[in-house]
Amino acid sequence: MDNQNYEARPKELECDVVRFQNNKEKWVAFVGLLNGRPYEIFTGLQDDEEGIVLPKTVTKGKIIKQVNEDGSKRYDFQFENKRGYKTTVEGLSEKFNQEYWNYAKLISGVLRYGMPIEQVVKLVGSLTLKDESINTWKVGVERALKKYTAEGSTDVEE
């Protein structure tokens with residue numbers, strides 16, 4: 001897919017939920033998929049206080065783009081429980097640290113315009129970040145995206 005073929009984001013995207021742990025912190029990534037390919041990523045600490053609490057069985061769902069009356073946008077995550085009831089976590093952008101949100105927006109932009117996933121993983125890996133927590137985040141994003149690469153499906157390289 002090249003820039004001329006950029007596909008506008010539909011209202012709803014299928015989503016994979018990827019959990020990871022680093023330095024005893026629990027993290028979660030929501031990877032929005034368009035035609036089975038990563039299109040956007042939302043990620044941060046799983047935090048009971050902030051409301052990103054998901055049953056361990058939740059590995060898939062939808063990211064729904066909502067446009068508020070004032071024109072601002074928000075992204076919600078919706079999943080179905082085992083009985084088929086839908087649960088929606090509103091405002092993913094509000095749930096995560098602003099710095100992680102900004103990096104994730106940047107990575108999502110790169111994904112949307114079709115940079116090969118392997119190159120996105122290398123790009124994220126090459127970021128030089130000062131703080132240990134953001135480095136933990138970076139490793140998690142690499143892991144989350146690597147599963148969509150040819151080598152990630154066999155999990156050869158770590």
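**Exercise 1. State how many salt bridges the structure holds, and explain why the pair Lys62 and Glu12 ties together separate parts of the sequence.**

Solution. In this predicted model, the structure holds 8 salt bridges. One of them joins the side chains of Lys62 and Glu12, with a distance of 3.4 Å from N to O, which satisfies the requirement of lying within 4 Å. Next, locate the partners: Lys62 belongs to strand β4 (residues 60-67), while Glu12 belongs to strand β1 (residues 12-22), and therefore the bridge ties together parts that are 50 residues apart in sequence.

**Exercise 2. Decide whether Arg112 and Glu40, which form a salt bridge, are buried or exposed.**

Solution. Begin with the contact itself, in which the closest N and O atoms of Arg112 and Glu40 are 2.5 Å apart. Arg112 lies in helix α2 (residues 98-112) and Glu40 in strand β3 (residues 37-45), so this pair ties together parts that are 72 residues apart in sequence. Now apply the cut-off for buried, which is under 20% relative accessible area: Arg112, at 17%, counts as buried, and Glu40, at 1%, is buried as well. Finally, a network of salt bridges links Arg9, Glu40 and Arg112.

**Exercise 3. Find where Arg74 and Glu90 lie, and classify the accessibility of each residue.**

Solution. The salt bridge between Arg74 and Glu90 has its closest N and O atoms 3.8 Å apart. Arg74 is found in strand β5 (residues 73-80), whereas Glu90 sits in the loop between β6 (86-89) and α1 (92-95), and the two are 16 residues apart. With a relative accessible area of 23%, Arg74 is partly exposed; Glu90, with 49%, is also partly exposed, because exposed would require over 50%.

Key: Residues are numbered from 1 along each chain as its sequence is written. This is a predicted model: local features need pLDDT of at least 70, side-chain atom pairs count only at pLDDT 80 or more; totals for chains, interfaces and linings use all residues. Side-chain values use heavy atoms; hydrogens and water are left out. Helices (H or I, at least four residues) and strands (E, at least two) are DSSP runs, numbered from the N terminus. Buried means under 20% relative accessible area, exposed over 50%, partly exposed in between (1.4 Å probe, protein chains only).
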